[in-house]
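The following paragraphs lead the reader through a structure, from its contacts with DNA to the rings that meet between its chains. Please keep the sequence and the model in view while reading.

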2 protein chains.
Amino acid sequence: MSILRPRPNLSDIAASLGVSVATVSNALSGKGRVSADLIEKIRKTASEVGYIPSMTGKALRTGRSGVLGLVLANIAHPLFPQLAQAIEYAAAKSGYGVLIGDSRGDIAAQTDAVNRLLERGADGLIIVPRRGTRIGDIGRPVAVIDSPSTPGNTVAADHWNGGQQIAQYLLTQGHRRFAVIGGSPNSNVQNDRIGGIRSSLPRSAVTDTLWIDEIEHDAGQGCDLGVADLVRRGFTAFCTVSDLHALRVLMELQRAGIRVPEDASVTGFDDMMWSSVVTPSLTTMRMDMPKIAEIAVESLLRDIEASASNPRETENGSLFAHSPAKAQTSSVPMHLIVRQSSGPAPSADIHARKE
Amino acid sequence: MSILRPRPNLSDIAASLGVSVATVSNALSGKGRVSADLIEKIRKTASEVGYIPSMTGKALRTGRSGVLGLVLANIAHPLFPQLAQAIEYAAAKSGYGVLIGDSRGDIAAQTDAVNRLLERGADGLIIVPRRGTRIGDIGRPVAVIDSPSTPGNTVAADHWNGGQQIAQYLLTQGHRRFAVIGGSPNSNVQNDRIGGIRSSLPRSAVTDTLWIDEIEHDAGQGCDLGVADLVRRGFTAFCTVSDLHALRVLMELQRAGIRVPEDASVTGFDDMMWSSVVTPSLTTMRMDMPKIAEIAVESLLRDIEASASNPRETENGSLFAHSPAKAQTSSVPMHLIVRQSSGPAPSADIHARKE
DNA sequence: CTGAGCTGATTAACCGTTTAATCACTACTA
DNA sequence: TAGTAGTGATTAAACGGTTAATCAGCTCAG
């Protein structure tokens, strides 16, 4: 006894076949010149001994770790799971691993998180920045996922178009009086969504916009938003920019004895994991996370590729701005998911009377 | 021009000071014998040129990557953010990075995910296994987070005690007729919670247990659970094992015009991110993720430490079961969070009449 | 004055892989 | 027959750090 089991490496294979390490490396990577039957033999023994290439060795030599860093403003964000899963999948498909970094909502910590990932040798970073934060040059390729209207953004859901879609859907259902509900006007994403909604409503439609943060600032956290009142005033469509808001509206209406969707329709955004299990289940706009992730990863890998074959130059060797291939921002369409919380507007007669 | 900027390394520092690489390495790591003032000088230039040690180089030599793998049955699980954040934080505190792997709910993929992380050189794995899956030997230290009653578990929330706490809380509020609501009896976690709840209820209490999966199997997905009916039959406490279930119950009661918490109390588990924003906000039991993560990471690092200084042996060099330090499973207490969805039982008179 | 003992630094091997350069050999071509 | 090409393999030098072994110089006891 007393033989510790080291994972087999190239030289083990080389030794057992009586050839050189370089030949084994070439055979397995298909790069140099190796005879067909030797390649075959090497492949065979490699799989026999259960050879697993050491990413570390490879990384040291090639200067590429095969790891992408995923930086989030706040991991605890409810959309993170969808995104992380999509990114992990897209990266794994291209043979990359995903290292996570969290800034826990703290702006200063965002830099720390970025640095930690860079120290670990991440080849590139995917960043979902904190509201309003801009990502400076970090000397390595970066893909930013935020909103199409964020400068420096790489890819994002087309929130504006998402707003248009939901508004148009509600219009076809006969709705004409809209309450548009957002959290805070400081969010690019929310502004895009609301912009899209309002831009799709005809002049004849009646619109009111509610900012939850403002209402709560006056009336205290968790207060009523007064949506039941709006229904009495003839509003039939409650178009929120987040399922979180939609849920809140939904419960407030139910408590007031207002039936959804018979008396009023409620819609959300983001299709959160519970949105399909509440009753009535939520009509919502869903981001195409797999696509977003795929584009982000693709763009990032392209940049990494480019910066490897074409290292950037500086006049004095000092820090110098990294100029990515400047892939123009791409917007990924959102998908309308119709569920139970929305339906035709209550019969027009009633409104005629009210108006 | 035409000088690409490589990140400075040990030999750069060594060259600029006219000393050997080894000395610089020793100075920075505080290992060998280096004079105090030389250490000072080396430290200074190191920070001046912005030296960042290459984890890769270090990893190759030491055989340790400084990276932990986090394997999840399904990243899209709503509790993942809390957990990932806690693990990332705990790992970062000890200088480790976190690589994520997702099996997307697929059992076969779980093995793949594990292998991918191992290939990337993860020093150890933290696994949150899919229901019922057991983790075989993977040749490296592992920490499992599932439920205290899962064999091979390393650390988990004390779900049983959590059930006891919530039951006791409801008892002190005067409740005597309990509806205990779970999703599926196949989950260790849910069984623990329900076991804790029931074990705390006195014989005099009336208890009914509802399994949502079973009800839906008969009546179709998204169907009513019949909780309003239970209220009419005198039940006042709806004790669910997940905030997801609690939300569903809450909405069903509200739709039936039953006031919460005046007419009935509803409680959940897990304190999901939206649980505080619904109205009424949810009373729930929260897992102490930071603590769980801390213990998992600590235990894992201890194992890694141990397996490094004391490599295991095999008789023939073949695969051999990895025996961790067998730290006994530790249970982390859960915390009761009282919010608006629970309160005193309706006046006893009413029940007296019913009983 | 010699050798032991300490201090502060250097040398060189090593981790596992990649890859440019080289070499031995065979097979053509002139 | 010598020179040229091509083929299939090897050699050796990296990559960036760690670390055991070595060494030079100094002090001090015997």
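A charge is said to sit over a ring if NZ of Lys or CZ of Arg is within 6 Å of the ring centre and within 35 degrees of the ring normal. In this predicted model, the charged end of A:R104 meets that description, lying over the ring of B:Y89 at 4.1 Å from its centre. Within chain A, the charged end of A:R177 is placed over the ring of A:F235, 5.6 Å from the ring centre.

Attention now turns to the DNA. DNA strand D is surrounded by 25 residues, and the closest are A:S20, A:T23, A:S35, B:L10 and B:R61. Of the strand's atoms that come within 4 Å of the protein, sugar and phosphate make up 54%. A phosphate oxygen of DNA strand D lies 2.2 Å from a polar side-chain atom of A:T23, while B:K31 places a polar side-chain atom 3.3 Å from a phosphate oxygen of the strand. The side chain of B:R61, by contrast, has an N or O atom 2.3 Å from a base oxygen. Two or more residues each come from α2 (21–29) and α4 (55–62) of chain A and from α2 (21–29) and α4 (55–62) of chain B; α4(B) gives the most, with 5 residues.

Aromatic pairs number 2 over all chains. A:F80 and B:F80 are stacked, 5.4 Å centre to centre with 20° between the planes, and this pair crosses between helix α5 (residues 80–93) of chain A and helix α5 (residues 80–93) of chain B. A:F80 counts as buried because its relative accessible area, 2%, is under 20%. A:W274 and B:W274 form a tilted pair, 5.8 Å centre to centre and 55° between the planes.

Methods
Residues numbered from 1 in each chain as written. Chains lettered and ligands numbered in written order. Predicted model: local features only at pLDDT ≥ 70, side-chain atom pairs only at ≥ 80, totals over all residues. Heavy atoms only, no water. Near = heavy atom within 4 Å. Polar contact = N/O pair within 3.5 Å; in protein donor to acceptor, adjacent residues only side chain to side chain. Helix = DSSP H or I, 4+ residues; strand = E, 2+ residues; numbered from the N terminus. Phe/Tyr/Trp six-rings, centres within 6.5 Å; stacked < 30°, edge-to-face > 60°. Buried < 20%, exposed > 50% of the residue type's maximum accessible area, 1.4 Å probe, protein only.
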